Amino acid sequence: TFGVNIEGYESENVFFPGKQSAYVYNTLSDFYADARGYVNACGTGVPTTACSTYAASPAGIGPRRFQVRYTNIPGQEKPIQPLEVNFMGAYVQDEWRVGRGLTVTGGVRVDVVSFGNTAEENAQVNGYTFRDENGAAVQYNTAKLPDATPLVSPRVGFNYDLRGNGQTIVRGGTGIFTGRPAYVWISNQIGNNGILTGFIQDDGAGGSELTNRPFNPNTETYKPTTVTGAPAASYELALTDKNFKFPQVWRSNLAVDHRFESGWLVTTEFLWGRDMNGVYYINANLPANDAAFAGPDQRPRWVSDKCPTVSGTQTNRINCNITSAIVLKNQNVGETYNASVSLERSFRNGFYTKGALAYGTATNTVDAGSIAFGSWNNNQHPGDPNNPGVGNAAGFQGRRAFLVSSYTRDWFGWGNTTVSAFLENFTFGTSSYVFGGDLNGDGGTSNDLIYVPRDQSEMNFAPITGATPFTAAQQAAAWDAYINQDPHLRTRRGQYALRGGLVLPNVTRMDLSVAQDLSKMFAGKKNSLQVRLDILNFTNMINSDWGLSQSVVNNSPLVPRAFQTTGTVGGVPCTTAAPCNGPADASGRAIYTMRVVNGQLLNRTFQKNAGTGDVWRMQLGLRYTFN
């Protein structure tokens with residue numbers, strides 16, 4: 001067997017987030033105060049002269065992060081990202097009978113993906129130097145898309161009838177498989193090159209407020225008044241490593257099917273997979289860390305202010321006018337395992353049943369999404385975001401068991417009646433424990449995995465003040481109790497929490513279905529009308545406490561202590577441009593507070609969900625079949 005596949009693909013993507021401006025505040029009260037500042041300066045009845053001079057929050061409070069994206073080409077209505085792709089593949093496969101009962105199948109497939117020259121070249125970037133994950137100096141070209149590299153996929157499989165009577169079959173195989181490329185990964189580069197759009201991101205020094213970026217409902221306020229098509233004054237980059245290849249997976253399986261004389265069929269199977277050209281991202285504009293925490297949690301920190309902005313200073317950039325330079329790369333570290341056993345039988349009286357047990361795991365470096373920066377920024381890690389390490393992947397299966405049964409009989413003489421039920425117990429997913437803010441200054445506010453202390457002596461809580469105060473000792477006791485009741489944290493004392501390490505509780509649900517066929521001969525052919533009633537999550541219909549999934553109450557149980565922008569610390573004045581304290585104490589140890597939920601310190605991991613999948617649903621369907 002052989003074949004050829006030739007495919008052309010074109011798209012015009014428009015990805016323009018932040019066009020309306022984005023303001024991120026430390027607290028809701030900060031937003032209210034900042035918004036009132038605008039109303040008081042520019043609201044109805046206020047002299048226009050007051051509004052024209054409104055450039056700084058009169059309350060001295062602003063967002064901790066401001067972002068806006070703007071079109072950078074004169075007259076451009078929207079930043080279209082044109083993508084042209086040619087996808088060609090060819091395969092050959094053959095089958096051999098090797099002796100009695102043994103069949104071997106082998107083949108190879110070759111795929112080639114090539115891109116049209118639709119990416120803009122930013123000559124400014126060509127002269128910049130960046131830093132890779134190993135600390136080496138690197139350079140990139142925004143117009144350089146991946147080369148047309150052949151992706152070779154050989155595979156071989158076998159099927160062996162052990163006794164020649166079909167009673168016991170041993171089967172398996174191994175090979176490399178190439179899936180359809182995710183072209184959006186490449187269109188990110190076409191859109192984020194500093195020519196098509198500009199992007200401004202200002203962060204308050206050390207998480208403090210940006211008083212020179214006060215809230216303004218006019219979305220054009222902070223955009224440049226004139227653009228020329230030359231490289232924007234500030235922009236983000238999405239780039240591709242020169243050696244990048246689209247992902248492949250090396251997959252192997254081994255299975256045994258055995259049919260007993262009684263009619264029961266039992267199947268056992270093991271599957272293993274490993275990433276070939278797996279995907280991961282780095283921010284090549286992130287400098288090397290210039291500090292580290294002291295104490296038990298010694299993760300790296302980024303603390304030095306390097307780049308001037310409207311707010312004063314901005315950390316974490318090698319090239320100050322580039323907010324980030326996210327590079328798409330390959331890494332071969334992801335693996336999957338799955339083991340299963342099933343038992344099934346069809347009975348002569350119309351009854352059928354099948355049951356199965358399975359357990360599976362999946363690990364990788366990152367679960368890549370459609371946005372380059374989001375894939376890097378939101379990837380949880382214990383230290384260096386450019387070397388995040390391996391954790392549980394989004395495809396982690398965990399434990400699964402199911403039982404399906406059906407009974408079919410023509411009770412009334414006009415068509416079959418079928419009653420079936422599907423009972424399943426499955427792992428609902430995973431979650432990661434992270435700090436509720438940017439602990440180490442790498443720019444990500446939800447990506448720092450927490451360190452799990454061995455005991456209370458390794459904890460370092462700051463007191464919580466305000467309407468619901470808690471002392472450091474109260475928080476330490478609550479955190480120790482929380483760790484002991486949590487299924488993941490209590491196994492990680494003295495270590496970092498794992499990405500995807502918290503496995504959500506299994507869910508047990510049953511669906512019930514009743515179908516009635518109405519059959520009649522018409523013009524010598526059988527015509528059928530089927531009326532079908534499905535009750536989804538029938539378990540919840542029986543008992544409102546059954547069939548419910550659970551989620552994490554809050555996966556950010558620890559909040560880094562905020563920077564202090566007023567008063568003094570050790571006789572040194574604290575200002576917005578030079579804040580004091582922050583997420584480290586005087587000795588350099590990470591310091592934080594515990595999450596308060598409904599006026600109480602967080603005390604439990606899980607809560608019951610109330611989504612559409614957690615309640616029972618009923619649907620009625622009609623199907624007409626004619627032949």
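In this predicted model, one aromatic cluster brings together seven side chains, namely Tyr 23, Tyr 25, Phe 31, Tyr 32, Phe 66, Phe 215 and Tyr 222. Aromatic contacts can also be followed pair by pair, and the count comes to 23 aromatic pairs. One of them joins Trp 264 and Phe 347, whose ring centres are 6.0 Å apart. Their planes meet at 85°, and because an angle over 60 degrees counts as edge-to-face, the pair is placed in that class.

This contact links distant parts of the chain, with the two positions 83 residues apart in sequence. Trp 264 belongs to the loop between β12 (248-259) and β13 (265-276), while Phe 347 sits in the loop between β18 (335-346) and β19 (351-364). Trp 264 is partly exposed, at a relative accessible area of 25%; Phe 347 is partly exposed as well, with a value of 27%.

A further edge-to-face pair is formed by Tyr 433 and Tyr 482, with 6.3 Å from centre to centre and 80° between the planes. Here a loop meets a helix: Tyr 433 lies between β23 (430-431) and β24 (451-452), and Tyr 482 is part of helix α6 (residues 472-485), so the pair ties together parts that are 49 residues apart in sequence. Both Tyr 433 and Tyr 482 are buried.

Finally, a charged side chain comes into play at another ring. Arg 409 lies over the face of Trp 411, at a distance of 4.5 Å from the ring centre.

Technical notes: Residues numbered from 1 in each chain as written. Predicted model: local features only at pLDDT ≥ 70, side-chain atom pairs only at ≥ 80, totals over all residues. Heavy atoms only, no water. Phe/Tyr/Trp six-rings, centres within 6.5 Å; stacked < 30°, edge-to-face > 60°. Helix = DSSP H or I, 4+ residues; strand = E, 2+ residues; numbered from the N terminus. Buried < 20%, exposed > 50% of the residue type's maximum accessible area, 1.4 Å probe, protein only. Lys NZ or Arg CZ within 6 Å of the ring centre and 35° of its normal.
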